[in-house]
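Please read the points below alongside the model. They cover strand pairing, backbone angles and one helix.

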Amino acid sequence: MQPSTGWQIRQSFGGEEREALDEFHRLTWGGHIVVAHDEAIDLRTLPALVAVDDGGRLAGALCWRVVDDSLEVVSIAAARSGVGVGTALLDAVVAEARAAGSHRIWLVTTNDNLRALRFYQRRGLRIVGVDRGAVDRARLMKPSIPTVGDDGVPIHDELRLELSIEGH
Ligand SMILES: CC(C)(COP(=O)(O)OP(=O)(O)OC[C@H]1O[C@@H](n2cnc3c(N)ncnc32)[C@H](O)[C@@H]1OP(=O)(O)O)[C@@H](O)C(=O)NCCC(=O)NCCS
């Protein structure tokens, strides 16, 4: 899928832009710490891909890390959904995974996030695991995690999704 015109994807260069990224994460996740699979992860320590619009504003961001033969997408978000930013960020991180020699990309999302589940599965990721109660445990570490999410669905569990990288 071709990304929309009006913004481009690139590596975040840090500096002032990193402050904009921190603000974006504050608005999206309530701060720079995300809790996933029983781990509190500081997004400021991770490499980031950013979507930047023609006015220099952040249109979206993806933070990732490589551990062993896998690339984990720790955070992905678009400032405005449905205009192609998420797809372009995902395409860009697939290129990062290939460059790193990773065998797979993986991530977790929460059981309420039906939009994300649709988004990922339509782009080839497969659900490979369910960690029942993972978000309930995460909430003990980060009490600001809501108890009810999109569409009024109670948030309890993490779903793990993976995309195999061809050639591995
Ligand atoms: C999940 C998320 C990252 C997806 O990103 P996105 O930018 O909305 O994704 P896209 O715009 O690329 O694709 C979403 C839909 O918009 C459509 N779309 C893409 N480009 C479009 C365009 N130029 N015009 C109209 N529609 C378009 C796509 O067809 C897609 O529909 P599909 O899933 O049925 O194929 C985004 O919704 C988001 O930020 N959610 C909040 C944070 C979040 O939950 N992150 C995931 C946590 S694990």
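1. In this predicted model, strand β5 and strand β6 (residues 70-78) pair antiparallel through 8 bridges. Within this pairing, V66 sits opposite L71 in β6. The two strands make a hairpin with 2 residues between them.

2. D68 belongs to the loop between β5 and β6. Its phi is positive, near 55°, and D68 is a residue other than glycine. Is D68 buried or exposed? D68 counts as exposed because it has 7 C-beta neighbours inside 10 Å, where the cut-off for exposed is 12 or fewer.

3. On the β4 side, strand β4 (residues 48-53) runs antiparallel to β5, and 5 bridges join them. V50 is placed opposite A61 in β5. This pair is also a hairpin, with 4 residues between the strands. G56, in the turn, has a positive phi of about 85°.

4. Strand β5 itself spans residues 58-67 and is mostly covered, with 7 of its 10 residues buried. β5 pairs with β4 and with β6, so both pairings should be viewed when checking how β5 is covered.5. A positive phi also occurs at D151, near 60°, again in a residue other than glycine. D151 lies in the loop between α4 (134-141) and β9 (158-164). With 9 C-beta neighbours inside 10 Å, D151 counts as exposed, because exposed is set at 12 or fewer.

6. Helix α2 (residues 85-100) has 16 residues. What span should these residues have at 1.5 Å a residue? The expected value is 22 Å, because the span is 1.5 Å times one less than the number of residues. The end C-alpha atoms of α2 are 23 Å apart, which agrees with the expected span.

7. Which residues of α2 are buried? They are V85, G86, A88, L89, L90, V93 and A97. The elements that cover them include the strands β1 (7-11), β4, β5, β6 and β7 (104-110), together with α3 (114-122). The hairpin strands of points 1 and 3 are thus among the elements covering the buried residues of α2.

8. After α2 comes G101, with a positive phi near 75°.

How values were computed:
Residues are numbered from 1 along each chain as its sequence is written. This is a predicted model: local features need pLDDT of at least 70, side-chain atom pairs count only at pLDDT 80 or more; totals for chains, interfaces and linings use all residues. A residue is buried if 20 or more other C-beta atoms lie within 10 Å of its own, exposed if 12 or fewer, and partly exposed in between; C-beta atoms are placed from the backbone. Two strands pair if DSSP finds at least two bridges between them. Two residues are in contact if their C-beta atoms, placed from the backbone, lie within 7 Å.
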